[in-house]
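Hi,

Here is the structure I promised to pass on. Have a look at it first, and my notes on what turned up are underneath.

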Amino acid sequence: MIDFYTWTTPNGRKVSILLEELGIDYEVHAINIGQGEQKTAEFLKIGPNNKIPVIVDRDNGLTLMESGAILWYLADKYNKFLPEDPLARMKVLEWLMWQMGGLGPMLGQAHQYLHFNPGKAPFAEERFAGEVGRLYGVLDRQLEGRDYIVDSYSIADMACWPWASRYEWQGVNLADYPNVRAWYQRLLKREAVRKGYHVPKVMGDIPPG
Ligand SMILES: N[C@@H](CCC(=O)N[C@@H](CS)C(=O)NCC(=O)O)C(=O)O
C-alpha cells in the first residue's frame, strides 16, 4: 500500500496516472499547496523539499520525494512501464530526465510569467515562451513515426503528458505540433490517465488537445 501526498498539479498527476495504470492500492492525502500545507513541520518530515508529490511505501517504510524518482521506483517495484532491456530502459530514463530537467522546469516558469503574471517581466516572458516552443518542437520530432515517446508506453509518457495538458497556460496551440497532439489525445483515451488527472480532486475538465 502506497500513501500518496499530492495536489492537482502536473508533478502530482504524473504519479497518480502511474498509480492508476498499475491498479495498485493507494491512499491519497491532499496537500493543498495554495494554502501552504506543503510547508508544515509534519509534511517536512516526509517531503524535505516542501513540495508535492511524496510517497510512503507501507511495505518497507520508504519515503520518496521527486516525481521522477517516484515513477522510477514504482515502475521498478511493479515491473511495468520501464523496460528491463538495458538499452530500452536507458532511453526511457533519458526522456524521463529530459522531462525532469527541461520540460517541467521550463514550462513551470512559463506558467509563472505567461499565465499568472503577464506584463511584469517582458524578458522572462520572451525567454520562457521561446523555451516552450523549442521543447514542444523537440517532443514533436521525437514522436514522429511513434505512438509513444520511447516506442512502448512508459513512465516517460506519464511524466510529460500532464505538462502538455497545461498547453493553454503556455500559450501553445497543439495544432502547431501534430505529433504531440496525436500523442496527447492517444493518452487521453486511457482510463487511467483520465482518472489520474482528477486526483486528489476534480478541478475542471481535462483540456481536449
Ligand atoms: N522536481 C520536483 C518538483 C515538485 C514541484 O515543483 N511541486 C510543486 C507542485 S507541481 C509544489 O509542490 N509547489 C509548491 C511550492 O513550491 O511551494 C518533482 O518533480 O517532484
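To start with something you can check by eye: is the crossing in which α3 passes α6 left-handed or right-handed? It is right-handed. Before the rest, one caveat: this is a predicted model, so please read everything below in that light.

**The α3/α6 pair**

The axes of α3 and α6 come within 10 Å, and they cross at roughly 150 degrees. On the α3 side the residues in the contact are G68, L71, W72 and A75, and they meet I155, M158 and A159 of α6. Sorted by class, the contact of α3 with α6 has six nonpolar residues and one polar residue, with no charged ones.

**The α4/α6 pair**

Helix α6 (residues 155–164) also packs against helix α4 (residues 86–116), at an angle of about 15 degrees and with the axes 8 Å apart. That angle is why α4 counts as roughly parallel to α6. The crossing here is left-handed. From α4, the residues V92, W95, L96, Q99, L103, G104 and L107 take part, and they meet I155, A156, A159, C160 and W163 from α6. The class split for the contact of α4 with α6 is 10 nonpolar, two polar and no charged. If you set the two lists side by side, I155 and A159 turn up in the contact with α4 and again in the contact with α3.

**The α4/α5 pair**

Helix α4 has another partner in helix α5 (residues 122–142): their axes come within 9 Å and cross at roughly 140 degrees. An angle over 145 would have counted as roughly antiparallel, so α4 and α5 are described as oblique to each other. This crossing is left-handed. On α4 the contact is made by G102, L103, M106, L107, Q109, A110, Y113 and L114, while α5 brings A124, E125, F128, A129, E131, V132 and L135. By class that contact has 11 nonpolar, two polar and two charged residues. L103 and L107 of α4 are worth a click, since they are listed in the contact with α5 and also in the one with α6.

**Domains**

The chain is divided into domain 1 (2–78) and domain 2 (86–190). Their C-alpha centres lie 21 Å apart. Across the boundary, 10 residues of domain 1 are in contact with nine residues of domain 2. Which helices supply the domain 1 side of that boundary? Both α1 (10–22) and α3 (67–78) give at least two residues each, and α1 has the largest share, with six residues. The side of domain 1 that touches domain 2 is made up of six nonpolar, two polar and two charged residues.

**Around the ligand**

This part is probably closest to your own interests. There are 13 residues around the ligand, and T9, N11, I33, K51 and S67 come nearest. Helices α1 and α3 turn up here too, each supplying at least two residues of the shell. By class, the shell divides into five nonpolar, six polar and two charged residues.

**Backbone oddities**

A few spots to keep in mind if you run a geometry check. The peptide bond from I52 to P53 is cis, with omega near 5 degrees, and P53 sits in the loop between α2 (41–44) and β3 (54–57). The loop between α2 and β3 also holds N50, which has a positive phi of about 55 degrees although it is not a glycine. Another cis peptide bond runs from V199 to P200, again with omega near 5 degrees. P200 is in the segment after α8 (191–197).

That's what I have so far. Shout if anything looks off when you load it.

Cheers

Conventions. Residues are numbered from 1 along each chain as its sequence is written. This is a predicted model: local features need pLDDT of at least 70, side-chain atom pairs count only at pLDDT 80 or more; totals for chains, interfaces and linings use all residues. Axes are lines fitted to C-alpha atoms, for helices over the stretch in contact, and angles run from 0 to 180 degrees between N-to-C directions. Helices (H or I, at least four residues) and strands (E, at least two) are DSSP runs, numbered from the N terminus. Angles under 35 degrees count as roughly parallel, over 145 as roughly antiparallel, 65 to 115 as roughly perpendicular and the rest as oblique. A crossing is left-handed if the near helix is turned anticlockwise from the far one by less than a right angle, and right-handed if clockwise. Two residues are in contact if their C-beta atoms, placed from the backbone, lie within 7 Å. Ala, Val, Leu, Ile, Met, Phe, Trp, Tyr, Cys and Pro count as nonpolar, Asp, Glu, Lys and Arg as charged, and the others, Gly among them, as polar. Domain bounds come from an automatic or database domain assignment. A residue is near a molecule or strand if its C-beta atom, placed from the backbone, lies within 6 Å of it.
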